[in-house]
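Trainee: I would like to learn how strand pairing and cysteine contacts are read from a model. Could we go through one together?

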Amino acid sequence: MNIENYLKEAKKRNWSPVVSHGTSVAGFWWFGHWFATDRLNGYFYGAYPKGYLDRITALFEEELNGNVLHLFSGTIKGDGIRVFTFDIRKELSPTQVGDAVNLSSFYPASFFDIILADPPYSGNEIKYNTKPVNRKKCLTECSKVLKDGGFLVWLDTMIPVWRNKDGWKYRGNIGVGVSTNHVVRAITILQKTKGGQNED
């Protein structure tokens with residue numbers, strides 16, 4: 001995670017800044033009234049907000065040059081070589097179809113440098129004809145396939161349950177707003193630590 005690089009890009013592109021507090025980051029990203037036109041161009045409900053991946057790239061440039069997993073990927077496309085997509089819906093053509101609670105049965109241990117997760121929220125699993133997400137099991141599975149030092153970037157309407165003893169170190173939260181009359185989501189950033197030690 002490179003906060004300095006993000007701030008440099010934010011200044012150039014008029015993005016909301018983030019602040020660092022020790023080894024963690026905090027902020028709020030406002031994306032504005034983008035949704036109406038994007039939906040006319042094939043927008044998938046619940047997808048990453050327009051411009052979200054640009055900001056994530058600025059914050060995690062180094063990690064995104066490694067092995068990347070888009071978990072609950074929806075319409076995001078991967079190459080199956082370095083960028084992988086994982087979704088339970090076969091019709092969306094992810095590089096791997098499966099249930100996220102069984103993630104480690106599809107990938108080797110300590111394989112990914114970063115996982116970007118965007119689970120269904122606010123009952124959207126009904127729209128997608130899938131079942132509710134077991135966040136606790138998903139985090140356990142993510143820890144198995146992440147490298148030591150790798151990051152989980154979890155975008156959701158709730159902060160998932162994580163514990164230091166399960167191998168997670170808290171690295172921050174960033175609020176995400178897309179428009180008026182829309183739910184506010186939060187990015188929870190967790191880093192896998194070797195042996196579950198809470199090191200600063």
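Trainee: Which residue in S5 is the bridge partner of Phe 86?

Mentor: Bear in mind that this model is predicted. In S5, the partner that Phe 86 bridges to is Gln 96, and this belongs to a pairing in which S4 and strand S5 (residues 96–97) run in the parallel sense over 2 bridges.

Trainee: What is the bridge partner of Leu 71 in S4?

Mentor: That partner is Phe 86, so you should read it within the pairing of strand S3 (residues 68–71) with S4, where two strands count as paired if there are at least two bridges between them; here the sense is parallel and the bridges number 4.

Trainee: How many of the residues of S4 are buried, and which way do they point?

Mentor: Strand S4 (residues 83–87) is mostly covered, with 5 of its 5 residues buried. Val 83, Thr 85 and Asp 87 point one way from the strand, whereas Phe 84 and Phe 86 point the other way, and all of them are buried.

Trainee: Turning to the cysteines, how many disulfides does the count come to?

Mentor: In general, a disulfide is a covalent bond between the sulfur atoms of two cysteines. With a cut-off of 2.5 Å between the sulfur atoms, the count here comes to 0 disulfides.

Trainee: Why is there no bond between Cys 138 and Cys 142?

Mentor: The closest cysteine sulfur to that of Cys 138 is in Cys 142, and because the two are 6.5 Å apart, they are too far for a bond. Cys 138 is buried, with a relative accessible area of 1%, and Cys 142 is also buried, at 0%.

Terms used. Residues numbered from 1 in each chain as written. Predicted model: local features only at pLDDT ≥ 70, side-chain atom pairs only at ≥ 80, totals over all residues. Heavy atoms only, no water. Buried < 20%, exposed > 50% of the residue type's maximum accessible area, 1.4 Å probe, protein only.
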